[in-house]
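Let's take a friendly walk through this fold, from its sheets to its helices and ligands. Keep the structure open beside you as you read.

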Amino acid sequence: MADTKVYRASTTAPVNIAVVKYWGKRDAKLNLPTNSSLSVTLAQSDLRTLTTASCSASYTEGDSLLLNGEPSDVSGARTQACFRELRARRAALEAADPSLPKLSTMPLRIVSENNFPTAAGLASSAAGFAAFVRAIANLYELPASPSELSLIARQGSGSACRSLFGGYVAWRMGENPDGSDSVADQVAEASHWPEMRALILVASAAKKGVSSTSGMQQTVATSGLFAERVSCVVPQHMEGMERAIRDRDFAAFAEITMRDSNSFHATCADTYPPIFYMNDVSRAAVRAVEQINAAAGRTVAAYTFDAGPNAVIYYLEKDTELVVGTFYHALGGEVPGWKQTVVSGLKPSLSLDEG
Ligand code: ADP
Ligand code: DP6
Ligand code: CO
(Lines give C-alpha, C1' and ligand atoms only; values in the text may rest on other atoms or scores of the structure.)
(Ligands and ions follow the chains in the order given, each with its own letter.)
Protein backbone atom coordinates (compact mmCIF):
# COMPACT_ATOMS: atom_id res chain seq x y z
CA MET A 1 0.00 0.00 0.00
CA ALA A 2 1.20 3.50 -0.80
CA ASP A 3 2.68 5.47 2.10
CA THR A 4 0.24 8.34 2.75
CA LYS A 5 1.66 9.19 6.14
CA VAL A 6 2.28 12.88 6.89
CA TYR A 7 5.75 13.67 8.27
CA ARG A 8 6.08 16.98 10.13
CA ALA A 9 8.57 19.26 11.96
CA SER A 10 8.41 22.82 13.31
CA THR A 11 10.92 25.47 14.29
CA THR A 12 11.15 29.16 15.11
CA ALA A 13 13.83 31.62 13.99
CA PRO A 14 14.54 35.14 15.24
CA VAL A 15 15.20 38.29 13.24
CA ASN A 16 18.67 39.78 13.07
CA ILE A 17 19.36 43.49 12.58
CA ALA A 18 22.62 44.38 10.85
CA VAL A 19 24.98 46.95 12.33
CA VAL A 20 27.14 46.71 9.19
CA LYS A 21 24.68 46.28 6.34
CA TYR A 22 24.55 43.89 3.41
CA TRP A 23 23.44 45.86 0.35
CA GLY A 24 24.50 44.62 -3.06
CA LYS A 25 24.93 41.29 -4.86
CA ARG A 26 27.93 40.31 -6.93
CA ASP A 27 26.04 37.20 -8.10
CA ALA A 28 22.24 37.46 -8.02
CA LYS A 29 21.75 33.79 -8.90
CA LEU A 30 23.78 32.38 -5.99
CA ASN A 31 22.92 35.39 -3.79
CA LEU A 32 26.54 36.36 -3.18
CA PRO A 33 27.11 39.79 -1.61
CA THR A 34 29.38 42.66 -2.66
CA ASN A 35 30.48 43.09 0.97
CA SER A 36 30.64 41.33 4.30
CA SER A 37 28.10 42.30 6.99
CA LEU A 38 27.58 41.94 10.72
CA SER A 39 24.39 41.70 12.74
CA VAL A 40 22.91 41.16 16.17
CA THR A 41 20.39 38.34 16.50
CA LEU A 42 17.34 39.47 18.49
CA ALA A 43 16.71 36.03 19.89
CA GLN A 44 14.79 37.06 22.96
CA SER A 45 12.61 39.62 21.24
CA ASP A 46 9.00 39.09 20.27
CA LEU A 47 9.97 39.17 16.59
CA ARG A 48 10.12 35.68 15.18
CA THR A 49 8.96 33.33 12.47
CA LEU A 50 7.23 30.05 13.30
CA THR A 51 7.39 27.52 10.47
CA THR A 52 6.05 24.00 10.12
CA ALA A 53 7.27 21.81 7.29
CA SER A 54 5.46 18.63 6.37
CA CYS A 55 5.67 16.19 3.50
CA SER A 56 3.49 13.39 2.27
CA ALA A 57 2.97 11.38 -0.88
CA SER A 58 -0.70 12.37 -0.52
CA TYR A 59 0.07 16.09 -1.16
CA THR A 60 -1.02 16.07 -4.77
CA GLU A 61 -0.77 19.85 -5.23
CA GLY A 62 3.06 19.73 -5.23
CA ASP A 63 5.29 21.92 -3.08
CA SER A 64 3.45 24.81 -1.38
CA LEU A 65 3.99 27.68 1.05
CA LEU A 66 1.29 29.30 3.17
CA LEU A 67 2.74 32.59 4.47
CA ASN A 68 0.71 34.41 7.13
CA GLY A 69 -2.34 32.48 5.97
CA GLU A 70 -1.96 33.35 2.28
CA PRO A 71 -0.75 31.01 -0.48
CA SER A 72 2.68 32.21 -1.58
CA ASP A 73 4.62 31.50 -4.76
CA VAL A 74 7.33 28.84 -4.43
CA SER A 75 8.44 28.85 -8.07
CA GLY A 76 11.06 31.60 -7.54
CA ALA A 77 14.66 30.56 -8.13
CA ARG A 78 15.72 31.29 -4.53
CA THR A 79 12.98 29.19 -2.88
CA GLN A 80 13.66 26.45 -5.44
CA ALA A 81 17.37 26.52 -4.59
CA CYS A 82 16.56 25.89 -0.91
CA PHE A 83 14.23 22.99 -1.76
CA ARG A 84 16.86 21.51 -4.10
CA GLU A 85 19.75 21.74 -1.62
CA LEU A 86 17.73 20.22 1.23
CA ARG A 87 16.26 17.41 -0.91
CA ALA A 88 19.72 16.49 -2.23
CA ARG A 89 21.00 16.06 1.34
CA ARG A 90 17.99 13.96 2.32
CA ALA A 91 18.34 11.84 -0.83
CA ALA A 92 21.96 11.11 0.13
CA LEU A 93 20.82 9.83 3.55
CA GLU A 94 18.13 7.69 1.92
CA ALA A 95 20.64 6.22 -0.53
CA ALA A 96 22.95 5.29 2.35
CA ASP A 97 20.14 3.75 4.41
CA PRO A 98 17.34 2.17 2.32
CA SER A 99 15.20 1.63 5.43
CA LEU A 100 14.55 5.39 5.66
CA PRO A 101 11.22 6.67 4.28
CA LYS A 102 11.69 8.39 0.91
CA LEU A 103 10.82 11.88 2.10
CA SER A 104 12.99 13.46 -0.59
CA THR A 105 10.49 12.36 -3.26
CA MET A 106 7.39 13.74 -1.48
CA PRO A 107 5.83 17.19 -2.02
CA LEU A 108 6.51 19.64 0.80
CA ARG A 109 3.89 21.81 2.50
CA ILE A 110 5.35 24.78 4.42
CA VAL A 111 3.18 26.82 6.76
CA SER A 112 4.82 29.96 8.16
CA GLU A 113 3.74 32.87 10.35
CA ASN A 114 5.69 36.02 11.13
CA ASN A 115 4.47 37.61 14.37
CA PHE A 116 5.71 41.02 13.15
CA PRO A 117 5.31 43.06 9.93
CA THR A 118 6.37 41.23 6.76
CA ALA A 119 8.43 43.06 4.11
CA ALA A 120 8.50 46.27 6.20
CA GLY A 121 12.24 46.48 6.92
CA LEU A 122 12.28 44.35 10.06
CA ALA A 123 14.15 41.41 8.53
CA SER A 124 11.21 39.12 7.77
CA SER A 125 13.15 37.49 4.94
CA ALA A 126 15.96 36.74 7.42
CA ALA A 127 13.82 35.05 10.07
CA GLY A 128 11.58 33.64 7.32
CA PHE A 129 14.22 31.80 5.30
CA ALA A 130 16.19 30.72 8.39
CA ALA A 131 13.03 29.08 9.74
CA PHE A 132 12.14 27.70 6.30
CA VAL A 133 15.49 25.94 5.91
CA ARG A 134 15.72 24.66 9.48
CA ALA A 135 12.14 23.35 9.52
CA ILE A 136 12.82 21.23 6.42
CA ALA A 137 16.25 20.16 7.74
CA ASN A 138 14.53 19.01 10.96
CA LEU A 139 11.83 17.21 8.98
CA TYR A 140 14.53 15.42 6.94
CA GLU A 141 16.58 14.72 10.09
CA LEU A 142 19.69 16.10 8.38
CA PRO A 143 22.89 16.10 10.43
CA ALA A 144 23.56 19.65 9.22
CA SER A 145 25.53 22.19 11.26
CA PRO A 146 24.27 25.81 11.65
CA SER A 147 27.04 26.73 9.19
CA GLU A 148 25.74 24.34 6.52
CA LEU A 149 22.16 25.54 7.05
CA SER A 150 23.47 29.12 6.82
CA LEU A 151 24.90 28.35 3.38
CA ILE A 152 21.50 27.08 2.20
CA ALA A 153 19.48 29.89 3.83
CA ARG A 154 21.74 32.47 2.14
CA GLN A 155 20.39 31.28 -1.18
CA GLY A 156 16.83 32.05 -0.01
CA SER A 157 17.63 35.53 1.35
CA GLY A 158 21.12 36.83 2.07
CA SER A 159 20.37 38.17 5.54
CA ALA A 160 18.85 34.79 6.52
CA CYS A 161 22.29 33.18 6.72
CA ARG A 162 22.92 35.26 9.86
CA SER A 163 19.70 34.18 11.66
CA LEU A 164 20.97 30.61 12.09
CA PHE A 165 23.30 31.84 14.84
CA GLY A 166 22.67 33.71 18.09
CA GLY A 167 24.57 36.73 19.39
CA TYR A 168 26.90 38.71 17.10
CA VAL A 169 27.13 37.23 13.63
CA ALA A 170 29.31 38.05 10.62
CA TRP A 171 28.47 37.03 7.07
CA ARG A 172 31.83 36.76 5.27
CA MET A 173 31.38 37.69 1.64
CA GLY A 174 33.83 34.98 0.53
CA GLU A 175 35.63 34.81 -2.78
CA ASN A 176 34.79 31.44 -4.34
CA PRO A 177 32.65 31.78 -7.50
CA ASP A 178 30.43 28.89 -6.32
CA GLY A 179 29.65 30.68 -3.03
CA SER A 180 30.99 27.82 -0.90
CA ASP A 181 32.81 30.27 1.41
CA SER A 182 30.02 32.88 1.58
CA VAL A 183 28.62 31.90 4.94
CA ALA A 184 27.90 33.30 8.40
CA ASP A 185 29.87 32.67 11.57
CA GLN A 186 29.41 33.71 15.17
CA VAL A 187 31.70 36.57 16.25
CA ALA A 188 30.57 36.40 19.88
CA GLU A 189 27.79 34.77 21.84
CA ALA A 190 25.07 37.00 23.24
CA SER A 191 26.39 36.13 26.73
CA HIS A 192 29.67 37.88 25.84
CA TRP A 193 27.81 41.21 26.16
CA PRO A 194 24.66 40.38 28.11
CA GLU A 195 23.84 44.06 28.81
CA MET A 196 23.03 44.75 25.12
CA ARG A 197 19.40 45.67 24.43
CA ALA A 198 17.40 46.65 21.37
CA LEU A 199 14.32 48.81 21.17
CA ILE A 200 12.28 48.38 18.01
CA LEU A 201 10.13 51.27 16.89
CA VAL A 202 7.51 50.41 14.30
CA ALA A 203 6.72 53.52 12.28
CA SER A 204 4.83 51.60 9.62
CA ALA A 205 3.88 47.96 9.21
CA ALA A 206 3.13 48.50 5.51
CA LYS A 207 4.94 46.48 2.84
CA LYS A 208 7.86 48.50 1.48
CA GLY A 209 7.56 49.99 -2.01
CA VAL A 210 10.91 48.59 -3.19
CA SER A 211 11.92 45.12 -1.95
CA SER A 212 15.46 44.66 -0.63
CA THR A 213 16.30 42.38 -3.55
CA SER A 214 15.27 44.95 -6.14
CA GLY A 215 16.54 48.00 -4.25
CA MET A 216 20.09 46.72 -3.86
CA GLN A 217 20.29 45.75 -7.51
CA GLN A 218 19.25 49.27 -8.53
CA THR A 219 21.89 50.71 -6.18
CA VAL A 220 24.67 48.50 -7.59
CA ALA A 221 23.69 49.47 -11.13
CA THR A 222 23.34 53.24 -10.70
CA SER A 223 25.02 54.65 -7.54
CA GLY A 224 28.47 56.20 -7.79
CA LEU A 225 28.76 56.37 -4.02
CA PHE A 226 28.26 52.62 -3.76
CA ALA A 227 31.78 51.72 -4.99
CA GLU A 228 33.26 53.83 -2.18
CA ARG A 229 31.03 52.16 0.40
CA VAL A 230 32.01 48.67 -0.69
CA SER A 231 35.74 49.24 -1.11
CA CYS A 232 36.51 51.61 1.79
CA VAL A 233 33.65 52.20 4.20
CA VAL A 234 32.46 48.67 4.89
CA PRO A 235 35.90 47.04 5.37
CA GLN A 236 36.70 49.70 7.99
CA HIS A 237 33.33 49.24 9.65
CA MET A 238 33.73 45.44 9.77
CA GLU A 239 37.13 45.69 11.39
CA GLY A 240 36.06 48.38 13.86
CA MET A 241 32.85 46.57 14.72
CA GLU A 242 34.56 43.27 15.47
CA ARG A 243 36.96 45.14 17.74
CA ALA A 244 34.13 47.06 19.46
CA ILE A 245 32.28 43.83 20.16
CA ARG A 246 35.41 42.05 21.37
CA ASP A 247 36.20 44.96 23.77
CA ARG A 248 32.53 45.58 24.68
CA ASP A 249 33.14 49.19 23.67
CA PHE A 250 29.61 50.61 23.34
CA ALA A 251 30.68 54.07 22.13
CA ALA A 252 32.57 52.50 19.21
CA PHE A 253 29.80 49.98 18.54
CA ALA A 254 27.25 52.81 18.47
CA GLU A 255 29.22 55.15 16.24
CA ILE A 256 29.90 52.47 13.63
CA THR A 257 26.28 51.30 13.76
CA MET A 258 24.95 54.81 13.12
CA ARG A 259 27.58 55.64 10.48
CA ASP A 260 26.92 52.41 8.62
CA SER A 261 23.14 52.96 8.61
CA ASN A 262 23.71 56.51 7.34
CA SER A 263 26.13 55.28 4.66
CA PHE A 264 23.71 52.60 3.46
CA HIS A 265 20.80 55.08 3.24
CA ALA A 266 23.08 57.55 1.45
CA THR A 267 23.69 54.98 -1.29
CA CYS A 268 19.92 54.51 -1.52
CA ALA A 269 19.48 58.27 -1.98
CA ASP A 270 22.31 58.15 -4.56
CA THR A 271 20.50 55.41 -6.52
CA TYR A 272 18.95 56.73 -9.71
CA PRO A 273 16.02 57.17 -9.42
CA PRO A 274 16.54 57.52 -5.66
CA ILE A 275 15.12 55.10 -3.11
CA PHE A 276 13.86 56.48 0.22
CA TYR A 277 13.28 53.93 2.95
CA MET A 278 13.42 56.35 5.90
CA ASN A 279 10.63 58.88 6.44
CA ASP A 280 9.98 61.89 8.72
CA VAL A 281 9.20 59.64 11.67
CA SER A 282 12.49 57.77 11.13
CA ARG A 283 14.39 61.05 11.08
CA ALA A 284 12.69 62.09 14.35
CA ALA A 285 14.19 58.97 15.93
CA VAL A 286 17.66 59.95 14.68
CA ARG A 287 17.27 63.36 16.30
CA ALA A 288 15.96 61.83 19.53
CA VAL A 289 19.02 59.56 19.78
CA GLU A 290 21.30 62.53 19.16
CA GLN A 291 19.52 64.43 21.92
CA ILE A 292 19.71 61.56 24.40
CA ASN A 293 23.45 61.21 23.75
CA ALA A 294 24.12 64.96 23.91
CA ALA A 295 22.14 65.38 27.14
CA ALA A 296 23.96 62.47 28.78
CA GLY A 297 27.37 63.68 27.58
CA ARG A 298 28.21 60.13 26.45
CA THR A 299 26.99 57.58 23.92
CA VAL A 300 23.89 55.99 25.36
CA ALA A 301 22.03 54.83 22.25
CA ALA A 302 22.57 53.97 18.58
CA TYR A 303 19.96 53.98 15.81
CA THR A 304 19.91 51.80 12.73
CA PHE A 305 17.39 51.43 9.88
CA ASP A 306 17.08 48.53 7.45
CA ALA A 307 15.29 48.86 4.13
CA GLY A 308 12.20 50.42 5.70
CA PRO A 309 11.20 53.30 8.01
CA ASN A 310 11.30 51.32 11.27
CA ALA A 311 14.01 52.06 13.82
CA VAL A 312 16.07 49.70 15.92
CA ILE A 313 17.81 51.40 18.85
CA TYR A 314 20.69 49.57 20.54
CA TYR A 315 21.59 50.52 24.14
CA LEU A 316 22.88 48.94 27.35
CA GLU A 317 20.66 47.62 30.10
CA LYS A 318 21.78 50.25 32.63
CA ASP A 319 20.41 52.98 30.36
CA THR A 320 17.01 51.39 29.88
CA GLU A 321 15.16 54.11 31.74
CA LEU A 322 16.86 56.88 29.82
CA VAL A 323 16.31 55.32 26.39
CA VAL A 324 13.00 53.57 26.78
CA GLY A 325 11.75 56.40 28.95
CA THR A 326 12.52 58.92 26.23
CA PHE A 327 11.16 56.87 23.36
CA TYR A 328 8.31 55.08 24.99
CA HIS A 329 6.84 57.90 27.01
CA ALA A 330 7.86 60.83 24.85
CA LEU A 331 7.61 59.23 21.41
CA GLY A 332 5.85 55.88 21.72
CA GLY A 333 3.06 57.18 23.87
CA GLU A 334 2.37 60.66 22.68
CA VAL A 335 4.14 61.64 19.51
CA PRO A 336 2.08 60.54 16.52
CA GLY A 337 3.76 58.20 14.09
CA TRP A 338 5.09 55.39 16.23
CA LYS A 339 2.63 52.53 16.15
CA GLN A 340 4.34 50.09 18.43
CA THR A 341 7.45 49.72 20.54
CA VAL A 342 9.04 46.45 21.51
CA VAL A 343 11.86 46.07 23.99
CA SER A 344 14.13 43.19 23.25
CA GLY A 345 16.75 41.31 25.16
CA LEU A 346 19.39 39.17 23.55
CA LYS A 347 19.32 35.58 24.46
CA PRO A 348 22.66 34.38 25.87
CA SER A 349 22.53 31.11 23.99
CA LEU A 350 23.50 29.62 20.66
CA SER A 351 20.41 27.48 20.39
CA LEU A 352 17.43 29.04 18.69
CA ASP A 353 15.04 26.15 19.04
CA GLU A 354 14.39 26.79 22.72
CA GLY A 355 12.32 29.82 21.94
P1 ADP B 1 12.22 42.42 4.97
O2 ADP B 1 12.78 43.78 5.22
O3 ADP B 1 11.00 42.15 5.79
O4 ADP B 1 13.26 41.33 5.07
P5 ADP B 1 12.38 41.82 2.11
O6 ADP B 1 12.01 42.71 0.97
O7 ADP B 1 13.81 41.54 2.29
O8 ADP B 1 11.74 42.46 3.43
O9 ADP B 1 11.71 40.39 1.98
C10 ADP B 1 10.31 40.20 2.13
C11 ADP B 1 9.97 38.85 1.50
O12 ADP B 1 10.56 37.77 2.24
C13 ADP B 1 8.50 38.54 1.52
O14 ADP B 1 7.82 39.19 0.47
C15 ADP B 1 8.53 37.01 1.34
O16 ADP B 1 8.73 36.67 -0.01
C17 ADP B 1 9.77 36.61 2.12
N18 ADP B 1 9.38 36.14 3.45
C19 ADP B 1 9.06 36.90 4.53
N20 ADP B 1 8.71 36.12 5.57
C21 ADP B 1 8.80 34.84 5.14
C22 ADP B 1 8.55 33.56 5.76
N23 ADP B 1 8.14 33.47 7.04
N24 ADP B 1 8.74 32.44 5.03
C25 ADP B 1 9.15 32.53 3.74
N26 ADP B 1 9.42 33.69 3.10
C27 ADP B 1 9.23 34.84 3.78
C1 DP6 C 1 19.09 46.47 4.58
O2 DP6 C 1 18.66 39.78 2.86
O3 DP6 C 1 16.49 41.01 2.57
O4 DP6 C 1 18.35 44.53 5.75
O5 DP6 C 1 19.20 38.65 -0.19
O6 DP6 C 1 17.72 39.95 -1.71
O7 DP6 C 1 16.72 38.62 0.16
P8 DP6 C 1 17.91 39.42 -0.32
O9 DP6 C 1 18.00 40.71 0.61
P10 DP6 C 1 17.90 40.86 2.19
O11 DP6 C 1 18.66 42.26 2.39
C12 DP6 C 1 18.84 42.81 3.65
C13 DP6 C 1 19.27 44.25 3.54
C14 DP6 C 1 19.33 45.00 4.87
C15 DP6 C 1 20.73 44.88 5.49
C16 DP6 C 1 21.10 43.59 6.18
O17 DP6 C 1 20.23 42.90 6.72
O18 DP6 C 1 22.32 43.31 6.22
CO1 CO D 1 14.98 41.10 3.95
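Two strands count as paired here if DSSP finds at least two bridges between them. With that in mind, turn to β2 and β5 (residues 37-41) in this predicted model: four bridges join these antiparallel strands. To find the register by eye, look for I17, which stands opposite V40 in β5.

That pair belongs to an open sheet of four strands, ordered β2-β5-β10-β11 and paired in the antiparallel sense. The edges are held by β2 (16-20) and β11 (183-188); each has a single partner strand, so one side of each is left without a neighbour in the sheet. From one strand to the next, the twist averages 35°.

Another open sheet has five strands, in the order β1-β6-β9-β7-β8, and its pairing is mixed. Its edge strands are β1 (7-14) and β8 (70-72), each of which pairs on one side only. Here the twist averages 20° from one strand to the next. Within this sheet, β6 (residues 48-55) runs antiparallel to β9, with seven bridges between them. A handy landmark is T52, which stands opposite V111 in β9.

While you are at this sheet, look at the loop between β7 (64-67) and β8, where N68 is found. What is the sign of phi at N68? The phi of N68 is positive, about 50°, although this residue is not a glycine. As background, most residues other than glycine have a negative phi. N68 counts as partly exposed because it has 14 C-beta neighbours inside 10 Å, and that class lies between the limits of 12 or fewer for exposed and 20 or more for buried.

Strand β9 (108-114) also leads us to ligand 1, as β9 and α2 (124-139) are the elements that give two or more residues to the shell around this ligand. Altogether, 22 residues surround ligand 1, and the closest are S124, S125, G128, S211 and S212. Helix α2 supplies the largest share of the shell, six residues. Sorted by class, this shell has nine nonpolar, twelve polar and one charged residues.

Ligand 2 has 15 residues around it, of which A18, S157, G158, S159 and T213 come nearest. Its shell has five nonpolar, eight polar and two charged residues.

Next, move along the chain to strand β14 (residues 311-316). Is β14 largely enclosed or largely open? Five of its six residues are buried, so β14 is largely enclosed by the rest of the structure. Six bridges join β14 to β12 (residues 196-202), and these two strands run antiparallel. Strand β13 (residues 301-305) also pairs with β14 in the antiparallel sense, over five bridges. In addition, β13 and β14 form a hairpin with five residues between them. Y315 is a good place to see both pairings: this residue of β14 is the bridge partner of R197 and also of A301.

Beyond β14, in the loop that leads to α8 (320-334), sits K318. With 10 other C-beta atoms within 10 Å, K318 is exposed, because a count of 12 or fewer puts a residue in that class. For a sense of distance, K318 and T79 are 239 residues apart in sequence and 42 Å apart in space, C-alpha to C-alpha.

Let's finish with helix α5 (residues 225-246). At 1.5 Å a residue, its 22 residues should span 32 Å, and its end C-alpha atoms are 30 Å apart, which agrees. Even so, α5 bends by about 40° at V233, and a proline, P235, follows within four residues. V233 is one of the buried residues of α5, which also include F226, R229, H237 and M241.

In the loop between α5 and α6 you will find R248. Its phi is positive, about 50°, although R248 is not a glycine. R248 is partly exposed, with 15 other C-beta atoms within 10 Å. After α6 (250-269) comes the loop to α7 (280-296), which holds P273. Which form does the peptide bond from Y272 to P273 take, cis or trans? The bond is cis, with omega near -5°. In general, most peptide bonds are trans.

Terms used: Residues are numbered from 1 along each chain as its sequence is written. Chains are lettered from A and ligands numbered from 1 in the order in which they are written. This is a predicted model: local features need pLDDT of at least 70, side-chain atom pairs count only at pLDDT 80 or more; totals for chains, interfaces and linings use all residues. A residue is near a molecule or strand if its C-beta atom, placed from the backbone, lies within 6 Å of it. Ala, Val, Leu, Ile, Met, Phe, Trp, Tyr, Cys and Pro count as nonpolar, Asp, Glu, Lys and Arg as charged, and the others, Gly among them, as polar. Axes are lines fitted to C-alpha atoms, for helices over the stretch in contact, and angles run from 0 to 180 degrees between N-to-C directions. The expected span of a helix is 1.5 Å times one less than its number of residues. The bend at a residue is the angle between axes fitted to the seven residues ending there and the seven starting there.
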